[in-house]
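Here is a short tour of a protein and RNA model for the bench. Have the sequence and the structure open side by side, and take the topics in whichever order suits you.

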Amino acid sequence: MVPRAHSSLYGRVGLFVCEERPEMADKYIPQEIEPKWQARWEKDDLYRSAPPGAKPKYYILDFYPYPSGEGMSVGHARNYVPTDVLARYYRMKGYNVLHPMGFDAFGLPTENTAIKLKTSPHLLNERYSANYVRQYKLMGLSYDWSRLINTAHDDYYRWTQWIFLQIFKSWYDPRKNAAAPIADLERELSEHGSQAIFDYIDTHAEAVGVATKDTPPVTAQQWNGMNRRERNDYLMNFRLAFRAESVVNWDPVDKVVVADEEVEGGRAWRSGALVEKKVIRQWFFRITAYADRLSDDLDTVDWPEKIVKMQRNWIGKSEGAEVKFEIGGGNLHSPVSDHITVFTTRPDTLWGATFMVLSPEHPLVSEVTTPEQRAAVEAYVAFARGETDEQRTAETKEKTGVFTSGYAINPVNGARIPIWVADYVLMGYGTGAIMAVPAHDERDFAFALKYGLPIIPVIDRPERTAKSLVFPSSVREGFRTELEKAGIEFYAAPVGNVGEGLYVTLHGDEQIDGYVTLMRSFLQPNNWNEIVGAKWLFVFDDSASGGGVQALDSVEADRRILQRCKAIYPPVRDNRTVMEMLNHLPFYRDVLFHAEYGRMINSGSFTGTPGDVARQRVTTWLTERGVGKRRVNYKIRAWLISRQRYWGTPIPIVHTPDGEEALDESELPLRLPDVEHYEPTATGESPLAEIRPFVETPRGRRETDTMATWACSSWYYMRFADPHNDQAPFGQKEIAYWMPVDMYVGGAEHAVMHLLYSRMWTKVLYDLGYVPFIEPFKALRNQGLILSPQKRMDEKGHEFYEKMSKSKGNVITPDEVVAEQGADALRGYEMFISDFEQTVPWSTSGVPGVRRWLERVWRIVLAPEEDRGQPTEFSTRELRRVAHQTIQKYERDLLNFGFNTVVAAMMEFTNALFKARDAGLAGTPEWNEAIDILLRLAAPIAPHIAEELWSRKGHPYSIHQQPFPVVDEAAVKEDEMTIVVQVNGKVRDRIQVPVRAGEEAIKQAALASDGARRFMDGKPPRQVRYVPGRLVNIVV
RNA sequence: GCCGAAGUGGCGGAACUGGCAGACGCGCACGACUCAAAAUCGUGUUCCGCAAGGAGUGUGGGUUCGAUUCCCACCUUCGGCACCA
């Protein structure tokens, strides 16, 4: 086994030792031992999971990859190595471990490559995934390869289709709060009609998502009079997998519809193209029905807080009320509806609703528009429709809108408020119409300022700050002195170019009232002064008629006040509202608007209602009067699953004359046909549409859309439990034993989509009785990204590291690292590189560092007699202590995902062994025990070298079937401890004391220490504090 | 703007519950071995200071005998969301 290339390096020692103990003399050559053991493990099927049994199970899963032609980089291994270490650890701890791998094989990149290379995606899939398997094996990962999954194989997607059908054949019964067979719904409709269901939805705010919006009610009689086609169409409003016409995001580059989740900043996630709007009939999953459970059940999982937040945010639950506004004023009598319903989370601000805004797509826009405004409104609606999402959401975009000239009646005070159309109101959220409360909503505030709409505060500022600007020469002499006397905060500064004014800030109602009194007596004739913020008061000169203090408490007051101001001070004549006038003064800007909860004001009989109960009380009152009710709203939309592409799971539906119908389960799998061409069609239809034998069936035209890959990945983790079952997606025994996944590890980029979809499928399958758990992934962890090792500079001179990518030519592959340094060194460095969750650049000098550690392990195990260093003091007791302390630290850190410190602990242990050797301990029983522990601890991290050394030490194969070492608590205990002596919190000395020493003795020893005496300077200790086992702090 | 994470040597990073800041590794310096180099081994390596000593965990405050750790305010970087009523 003398290596060829290394013989010259090796010569001296090799020749000498080879003759006597050839096995001891070998150098560590991973390139030889790694393939050898990998072949042996594979032959012996060493990592195969046992069938469900009495043993406790541990299911540890990596996010399965999308296999690409580029293969893996060292960045991908950041995910796979730590989970492999855990899998190996749990096996040694006696668990039956499930650690499988598979491929998310369907999807666009492969299809696009196939089109470009004029080859078949089937072929590419096989090639790519085989390459991945090769790379995985190269790294010595202990997957159970007998469970390999490929989602593009028909023995897998058959069951994806099967689950699709179960979802298609279900609806969400809000009364059971669970999915139920669609047949139950049909029965109910034929016996009782839809009344009970809609009544329930109406009175249970959380149930909004169970049926398509605006589904018409039917009576039993109507239902029974429907033909099959009409019934099928009606049921689509309830099915959990349904087809509906909708505006979708169209990616003109990939020629495919993409989901909301796949659009980032108006651009398609994969292709980067600006998405366009298109109306197509599409397949969806009714994930909205599960919104509440998806949100609530997040409480039951051990996931990173960040991911939980992102999911909750995506679901976007908000509680509020729905309020009906009568359409009125003028001669408008709508034949469609006599009211507009708005959704608000702030029913407590209803009295401040001074206008209403409809989304440009709102069906009542043309109803409320008067003839004279029609042209303007239609032009605006056309403009809004033409906008891309990106334009519409552009950050700096100023609000736009147009008045319809129609009015609505605010139900709480009968006020007649104008109805506007503006694109800042989205049709897809709430009811597509809002009541605008400009005093307490930032968007409405901006809009009202721009268009001169009145802004009336109806919620008190919780912090009682008010401001007042005293205009130059608007008050009599002595006012300033009075302010000072009253302790009021103010400063003097020029007001524009009209002279020096006083900028007053008031705190608390008492001070404000005092200020008003003062102002009333000092205000000069033909002047006014305003107090804004905590109170909204205008003090006018009393001598004029109707003078005194006016409050800005209504639209009428706004008009009155403004009129008087204009009369007194003409420069303000162009202002349309008081708020607009105040907004011109920068001094006031931070007190004009607030969105906090607070005491209701200017709200009729509700004035004075405290902020914490206001919402609730108003909602109850609205409900009693029949003009509103509690309502919960979710941001989450139906999950778009259709793709008009070839390379995906075919949707098992036939379009019959009677509507969309399910394939019979016996017809599954519905295979993807082999075809010559699979370029997207010009029309945007799936290429499958052009394959007549596929499309044409005796029952009707086959659905030609395929499913997005999110469907495949929504259940693959369940298939691993029983991957070869051809009777069902999985056996009951297997799923109950293995699921849920105990530890799921992957990148944070799937925080919303994959994890949310998987959770929904799990809940549907749970409701239908196929699985016994409500959450699929008990614990989740995200690994950090690995960046390229090269530092770059951006235009501003900031240094940064870029992501590894083939196009940038900076990819480092596991292949090259393994070839150079071996898989064990790569594994060690993947763990050691950084904190697991941290994004970090790859370091090319890091792997050799770990390699050196492995070399040291090799030497200390095989040839402890060589190269003795300086003799040291090291007892057998200490050796045992280090060994057992290492076991402790290793387990504690490993279970906390502290992989880097696990490796560090192993390095320290190895260093200690060298010291022990120098002290002459090699060969003692304690030494042999320590070496045994070292190898067992190394096994999960560096499985090849551990196996090789284990075998060379004469132990029976395999180390990977050995139990994990058990901590000897007695050995761990120290006999002596080092106590730090501090004087006034600064370390001044260290003393050695026996562990058993009492507190008093230790304190005395500390006081007597040289360091302490020197720094106490002869002063008596004021306090002596002892922290057990750690330190003594002497305070003087 | 909102939400989240993080700021510690030349670098990656440690420090479990408030108790020795800088474990472990990289890099660097010096030394040993060598004709020499590589490899290996040893020693040192936060900063200032010859030293005694002092300063020091993004900044400024606070709590405490004692703060990288807790509290308040702020700055910077990264990630996510973004007109969601």
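**Briefing on the predicted model**

In this predicted model, 4 strands make up an open sheet with parallel pairing, in the order E2-E1-E32-E33. Strand E2 (96–98) and strand E33 (780–782) are the edge strands, each with a single partner, so one side of each has no neighbour in the sheet. On average, and ignoring direction, neighbouring strands here are turned by 20° against each other. Helix H4 (residues 74–92) packs on this sheet and touches strand E1 (57–62), E2 and E32. The direction of H4 makes about 170° with that of E1.

**A closer look at the parallel pairing**

- Strand E32 (residues 743–746) runs parallel to E33, and 3 bridges join the two.
- To find this pairing on screen, start at Tyr-744, whose bridge partner in E33 is Leu-780.

**Strand E12 and its partners**

- A word of background: strands in a sheet pair through backbone hydrogen bonds, in either a parallel or an antiparallel way.
- How many residues of strand E12 (residues 318–328) are buried? The count is 8 of 11, which leaves this strand mostly covered.
- E12 pairs with strand E24 (residues 628–633) in the antiparallel sense, over 6 bridges. Within that pairing, Gly-320 has Arg-631 of E24 as its bridge partner.
- Strand E13 (residues 339–344) is also antiparallel to E12, and 6 bridges join them. Here Lys-324 is matched with its bridge partner Thr-341 in E13.
- Strand E15 (residues 401–409) is joined to E12 by 3 bridges, again antiparallel. Look for Gly-328, which stands opposite Tyr-407 in E15.

**The surface around RNA strand B**

- There are 53 residues around RNA strand B, and those that come nearest are Thr-345, Arg-443, Ile-833, Arg-990 and Asn-1033.
- Sorted by class, this surface has 20 charged, 18 nonpolar and 15 polar residues.
- Which helix gives the largest share of the surface near RNA strand B? That is helix H33 (residues 899–918), with 6 residues.
- Taking the atoms of RNA strand B within 4 Å of the protein, 63% belong to sugar or phosphate, and the rest belong to bases.

**Polar contacts to RNA strand B**

- Ser-318 has a side-chain N or O atom 2.8 Å from a phosphate oxygen of RNA strand B. Strand E12 covers residues 318–328, so you have met this position above.
- In the side chain of Ser-845, an N or O atom is 2.7 Å from a sugar or linking oxygen of the RNA strand.
- Glu-908 places a polar side-chain atom 3.1 Å from a sugar or linking oxygen of RNA strand B.

**Two positions to locate**

- Asp-202 lies in helix H9 (residues 195–203). Is Asp-202 buried or exposed? Its relative accessibility is 42%, so Asp-202 counts as partly exposed.
- Between the C-alpha atoms of Asp-202 and Glu-442 there are 30 Å, and the two residues are 240 apart along the chain.
- Gly-998 sits in the loop between strand E38 (986–994) and helix H37 (999–1008). With a relative accessible area of 36%, Gly-998 is partly exposed too.
- Gly-998 and Ala-825 are 173 residues apart in sequence, and their C-alpha atoms are 47 Å apart in space.

Conventions: Residues numbered from 1 in each chain as written. Chains lettered and ligands numbered in written order. Predicted model: local features only at pLDDT ≥ 70, side-chain atom pairs only at ≥ 80, totals over all residues. Heavy atoms only, no water. Pairing = 2+ DSSP bridges. Axes fitted to C-alpha atoms, helices over the stretch in contact; angles between N-to-C directions. Contact = heavy atoms within 4.5 Å. Buried < 20%, exposed > 50% of the residue type's maximum accessible area, 1.4 Å probe, protein only. Near = heavy atom within 4 Å. Polar contact = N/O pair within 3.5 Å; in protein donor to acceptor, adjacent residues only side chain to side chain. Nonpolar A, V, L, I, M, F, W, Y, C, P; charged D, E, K, R; others polar.
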